[in-house]
Amino acid sequence: MGDRGEITAFAVVESLTGWWELAGLDAAVSETSVNWLAEEAPSNASIPPIKTSATPEIGSASTAPSVAWPEDISSLRELVTHGAPLPGNGYGPLRYAPIGPDSCDVMIVSDLPDIIGSSDTSSGANAALLHRMMGAIGIESSDCFCTWMATSMPSTAEVPEHDFPELAAFVMHQIKLIRPKSVVILGASACKALLNENLMNARTELRSINHDGLNITVLATFHPRTLIARPAMKAEAWRDLQMFGKRGGQ
């Protein structure tokens with residue numbers, strides 16, 4: 001038992017140091033100054049008013065579903081893959097179904113399908129960094145259900161804000177199917193869509209989502225692509241992860 005504990009502790013430490021290196025954080029000083037408080041947000045979008053409630057209300061979809069939303073994840077994956085007219089599935093010709101177990105404790109939500117090791121999205125670095133980030137707090141990313149608001153890639157590489165209500169409703173439908181205990185939201189767009197909050201404000205504490213009889217703990221943090229582009233945000237991201245790692249009811 002002692003040996004197993006030492007191996008687990010070593011794996012966590014190795015993952016922690018590994019994701020810092022992947023994010024370019026192995027140097028203590030950078031020649032380029034970075035605004036540590038800069039928010040990840042689309043350059044052409046203004047910051048919306050902040051909703052301060054710790055338990056946000058999720059709006060309904062802006063339009064009725066084009067097809068009936070599946071009542072199981074396997075069917076949902078199949079419909080996404082085959083190009084069904086589901087929310088977020090019509091931005092581009094390639095579709096990316098959610099990945100991970102059908103039942104799990106932790107669900108991860110991104111705005112784009114760029115946290116999977118797919119050659120189509122050039123997201124290998126993001127996926128590797130996410131794996132290290134979760135591993136640093138003892139969570140295997142492969143044990144998490146990972147989904148994204150856009151199951152196809154927009155040509156602008158940004159999710160249109162006017163689609164947020166419908167995309168959020170579809171993510172909430174997946175939460176109902178998966179029934180996780182906790183959700184990790186990556187990036188400003190997903191945070192705005194699901195929590196109706198500015199990312200920098202939402203990061204100040206763990207949030208909660210009440211949906212379909214569930215009270216789910218939520219962490220909003222930086223997307224891995226932001227940490228790769230802005231490595232000076234390492235301290236902020238690590239604080240977020242530590243807060244999530246200390247959550248109750250794991």
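Biologist: Is Asp111 buried or exposed in this model, and what is its relative accessible area?

Modeller: The model is a predicted one. A residue counts as buried when its relative accessible area is under 20%. Asp111 falls under that cut-off and is therefore buried, with a relative accessible area of 4%.

Biologist: Which residue meets the side chain of Asp111 in a salt bridge?

Modeller: Side chains of opposite charge can pair when their charged atoms come close. For Asp111, the N to O distance in the salt bridge is 2.7 Å. Asp111 lies in the loop between strand 1 and helix 3 (124-135) and its partner in helix 7 (residues 224-229), so the pair ties together parts that are 114 residues apart in sequence. The partner is Arg225.

Biologist: Which other residue forms a salt bridge with Arg225, with the closest N and O atoms 2.6 Å apart?

Modeller: Arg225 counts as partly exposed, because its relative accessibility is 25%. The second partner lies in the loop between strand 1 and helix 3, so this pair ties together parts that are 111 residues apart in sequence. That partner is buried, with a relative accessible area of 7%. The residue is Asp114.

Biologist: Which residue forms a salt bridge with Arg207?

Modeller: In this salt bridge, the closest N and O atoms are 2.9 Å apart. Arg207 lies in strand 4 and its partner in the loop between helix 5 and helix 6, so the pair ties together parts that are ten residues apart in sequence. Arg207 is buried at 4% relative accessible area, and the partner is buried at 2%. The partner is Glu197.

Biologist: How many residues of helix 5 are buried?

Modeller: Helix 5 runs over residues 188-195, and its buried residues include Ala188, Lys192 and Leu195. Among the elements that cover them are strand 1 (106-110), helix 4 (164-178) and strand 3 (182-186). Helix 5 is largely enclosed by the rest of the structure, because the number buried is eight of the eight.

Biologist: Which backbone nitrogen does the side chain of Asn198 reach?

Modeller: Asn198 is found in the loop between helix 5 and helix 6 (199-202). Asn198 is buried, with a relative accessible area of 8%. At a distance of 2.8 Å, its side chain reaches the backbone nitrogen of Met200.

Biologist: How many residues does the largest nonpolar core have, and which element gives the largest share of this core?

Modeller: In soluble globular proteins, nonpolar side chains tend to be buried together. The largest nonpolar core here has 66 residues, and those with the most contacts inside it include Ile108, Ile185 and Leu195. The largest share of this core amounts to ten residues and comes from helix 4.

Biologist: Which residues of helix 5 is Ile185 in contact with, leaving aside neighbours within four places in sequence?

Modeller: Beyond those neighbours, the contacts of Ile185 include Val109, Val218 and Leu219. Helix 5 contains Ala190, Cys191, Leu194 and Leu195. Each of these four also appears among the contacts of Ile185, which therefore touches Ala190, Cys191, Leu194 and Leu195.

Biologist: Is Ser103 buried or exposed, and what is its relative accessibility?

Modeller: Ser103 lies in the loop between helix 2 (73-81) and strand 1. Its C-alpha atom is separated by 5.3 Å from that of Ile178, although the two are 75 residues apart along the chain. The cut-off for an exposed residue is over 50%. Ser103 therefore counts as exposed, with a relative accessibility of 59%.

Terms used:
Residues numbered from 1 in each chain as written. Predicted model: local features only at pLDDT ≥ 70, side-chain atom pairs only at ≥ 80, totals over all residues. Heavy atoms only, no water. Helix = DSSP H or I, 4+ residues; strand = E, 2+ residues; numbered from the N terminus. Buried < 20%, exposed > 50% of the residue type's maximum accessible area, 1.4 Å probe, protein only. Polar contact = N/O pair within 3.5 Å; in protein donor to acceptor, adjacent residues only side chain to side chain. Contact = heavy atoms within 4.5 Å. Core = buried A, V, L, I, M, F, W, Y, C linked by side-chain atoms within 4.5 Å. Salt bridge = Lys/Arg side-chain N within 4 Å of Asp/Glu carboxyl O.
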